[in-house]
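Me: Could you walk me through some of the labels used for this structure? I'd like to see how each one is earned.

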Amino acid sequence: MTNGFRSSRDVIIRTEDWDAATRFYATSLGLEIVHRGENIVGFEAGAFRLYVEKGKPHGPVFEFLVPDVQAAKERLLAAGCTLLEENPAVPRCYLRDPFGMTYNIGLLDPSAT
């Protein structure tokens with residue numbers, strides 16, 4: 001895989017109206033809940049898995065997995081991306097690229113390669 005980036009099936013949205021959003025995706029679209037956490041719910045949508053997370057909205061977030069989150073973050077910042085949020089404990093970071101796309105950089109499971 002070129003440059004070590006690998007997309008996942010996950011798309012993440014954030015909303016401050018989390019209860020209404022999770023009800024909408026479960027009832028109006030009829031998506032199956034496949035993950036339930038304190039601040040996030042995952043829905044199976046077929047070609048992708050939609051995660052609805054509590055928090056300030058920042059648009060849809062696509063996920064890319066890498067073997068080294070810190071190195072990928074530094075490389076993308078040098079290429080003009082903006083850091084939106086970071087959690088080294090997970091590890092993960094949300095970045096927005098110069099063209100407006102927002103994505104999460106997460107750790108690739110070595111057994112997935």
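**Labels and what earns them**

Reply: Happy to! Arg23 and Thr27 are exposed, on the other side of α1. This is a predicted model, where local features need pLDDT of at least 70, side-chain atom pairs count only at pLDDT 80 or more, and totals for chains, interfaces and linings use all residues. Residues are numbered from 1 along each chain as its sequence is written, and side-chain values use heavy atoms, leaving out hydrogens and water.

Me: Why is Phe5 called buried?

Reply: Buried means under 20% relative accessible area, exposed over 50%, and partly exposed in between (1.4 Å probe, protein chains only). Phe5 has 16% relative accessibility, so it counts as buried.

Me: What is Phe5 in contact with, beyond its neighbours within four places in sequence?

Reply: Its partners include Phe64, Leu65, Ala72 and Ile105; contact means heavy atoms within 4.5 Å.

Me: Which residues of α1 are buried, and what makes them lie on the same side?

Reply: In helix α1 (residues 18–28; a DSSP run of H or I, at least four residues, while strands are runs of E, at least two, all numbered from the N terminus), they are Trp18, Ala21, Thr22 and Tyr25. They cover an arc of only 95 degrees around the axis, so they are on the same side of α1; the arc is that of the directions from the helix axis to the C-beta atoms. The buried residues of α1 pack against β1, β3 and β4.

Me: How do you know that β6 and β7 pair?

Reply: Two strands pair if DSSP finds at least two bridges between them. β6 and β7 have 5 bridges, in the antiparallel sense, so they meet that definition.
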